[in-house]
Amino acid sequence: MKRILPILLLLLAASCRMPSTMPQGGIMEYATGLYLEENGSGFEAFVANPWKDGAVLSSYRFDGSFDRVVVMSNSIARLMVELGLEDCIAGVCEPENITDSTVCARVRSGRIADCGNSMYPTIERIMELHPDAILVTPFEDSGYGQLESTGIPLVECADYMETSALGRAEWMRFYGRLFGAGDKADTLFRQVRDSYETLKEMAARTTLRPKVMLDTRSGSAWYVAGGKSTIAQVISDAGAVYAFGDSERSGSVPMSFESVYAKASDSDVWLLKNSTSGRLTYGLLEQDFGSYREFRPFRERNIWVCDVYRVPYFEETAFHPEYLLGEFMTIFHPELSFSRRFYHPLD
């Protein structure tokens, strides 16, 4: 694999050539936050600013491929393993939250370095690795702290802000090209796309449309996924109605309990994630907040939970939305039967 020097990675965000608006066209079919175009010697990429309509967050021009990178996203690390690029992972953040067996084994053996917390990475460790680049996750009104002064190129990975499941998954075509594996990434995406579309067509033929609500309170607020989020779209594609599908937001929206109750108390299905190490039950849920029992799925015992520390939910669903779609179809339409990887009925 040809090693790329930092000078060959042109971060145009700080250049006078930075375009004022996102270009149109390119090879991407579903992703709206990424423009990708190949040329004779490499490719050019433009990442849209998710928080400023039509604006460009960063631009890159590549004339080679990376050998070693530090990866801040667990889902991208898992994708790299699936593409056979595990040797290109020099370091990861928060390996304790990674379930991929290949990455975990390499962290234990020292072949992949533990670079600390993703919000406050260990700069000295990253510098010692001499990576070609750092794959970072952008957030609104937030920079990258000391990472920006290391001189190591930063590649901004905003796939999580896509508003469609296949749009996010299609970013694998960009990530594959960073390592000279564009053809392999294209083939994998076509497989994901075809599986997703086949399942979606099957769900469209079902007759019932159950109403679905998500998650639980966090402190004094209930953070509700917007109606334009990828999870909302997958629920719809699985043949259900999302309780907050009329929201125009793609990110999470903080709401009061009263507002959530007014829109979601008559839901048929409740999907939630358990981020604790213990097993969640109806009793523990009620103990946490007694008013949960006022929701129909609680009374009728139709709550499904995903133990995110036990299953690779975040690692797999980003680039394999067909897994989640098939599972939701099984939950919403019991006459359909697909394997469940993430959710189980609440005890």
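Helix H7 (230-237) is followed by Gly239, whose phi is positive, near 85 degrees. Helices (H or I, at least four residues) and strands (E, at least two) are taken here as DSSP runs, numbered from the N terminus. The model is a predicted one, in which local features need pLDDT of at least 70 and side-chain atom pairs count only at pLDDT 80 or more, while totals for chains, interfaces and linings use all residues. Residues are numbered from 1 along each chain as its sequence is written, and side-chain values use heavy atoms, with hydrogens and water left out.

Within H7 the buried residues are Ile231, Ala232, Val234, Ile235 and Asp237; buried means under 20% relative accessible area, exposed over 50%, and partly exposed in between (1.4 Å probe, protein chains only). Gly239 also appears among the contacts of Arg209, a residue in the loop between H6 and E10. With contact meaning heavy atoms within 4.5 Å, and not counting residues up to four places away in sequence, Arg209 touches Ala203, Ala204, Gly239, Ala240, Val241 and His333. Arg209 has a relative accessible area of 37% and is therefore partly exposed. From Arg209 to Ala238 the C-alpha separation is 9.2 Å, with the two positions 29 residues apart in sequence numbering.

Helix H6 (residues 182-204) offers a neat check on geometry. What span should its 23 residues have at 1.5 Å a residue? The expected value (1.5 Å times one less than the number of residues) is 33 Å, and the end C-alpha atoms are 32 Å apart, which agrees. The buried residues of H6 are Gly182, Ala185, Asp186, Leu188, Phe189, Val192, Arg193, Tyr196, Leu199 and Ala203. Their packing partners are helix H1 (74-82), helix H4 (165-169), helix H5 (172-178), helix H7 (230-237) and helix H12 (321-332).

Helix H8 (residues 257-264) has Phe257, Val260 and Ala264 as its buried residues. Seen down the axis of H8, these fall within an arc of 65 degrees, so they line one face of the helix; the arc is that of the directions from the helix axis to the C-beta atoms. An α-helix has 3.6 residues a turn, so residues three or four places apart point the same way. Exposed residues Glu258 and Ala262 sit on the face of H8 turned away from its buried side. The buried residues of H8 pack against strand E10 (211-214), strand E11 (222-225) and strand E13 (252-255).

Two loop residues deserve a look for their backbone angles. Most residues other than glycine have a negative phi, and most peptide bonds are trans. Glu94, in the loop between strand E6 (89-92) and helix H2 (101-109), has a positive phi near 50 degrees, and is buried at a relative accessible area of 18%. Asp141 likewise has a positive phi, near 55 degrees, and lies in the loop between strand E8 (133-136) and strand E9 (154-156). Its relative accessibility of 79% makes Asp141 exposed.

The loop between E6 and H2 also holds Asp100, which is buried with a relative accessible area of 13%. Asp100 and Pro312 are 212 residues apart along the chain, yet their C-alpha atoms are separated by 7.6 Å. Leaving out residues up to four places away in sequence, Asp100 touches Arg78, Val81 and Glu315. Arg78 is also a contact of Glu316, together with Tyr323, Arg341 and Phe342, once neighbours within four places in sequence are set aside. Glu316 belongs to helix H11 (residues 313-317) and counts as buried at 7% relative accessibility.

Cys115, in the loop between strand E7 (113-114) and helix H3 (123-129), is buried with a relative accessible area of 0%. Beyond the residues up to four places away in sequence, Cys115 touches Val70, Gly91, Val92, Cys93, Pro121, Thr122, Arg125, Ile126 and Leu129.

The second largest pocket completes the description. A pocket is an open set of points, on a 1 Å grid over the protein atoms alone, where a 1.4 Å probe fits, with protein on both sides within 12 Å along at least five of seven lines; lining residues have an atom within 4 Å of a point. This pocket holds about 490 Å³ of space, the volume being that filled by probe spheres set on the points. Its lining comprises 23 residues, with Met22, Thr32, Gly33, Leu34 and Ala48 nearest the centre.
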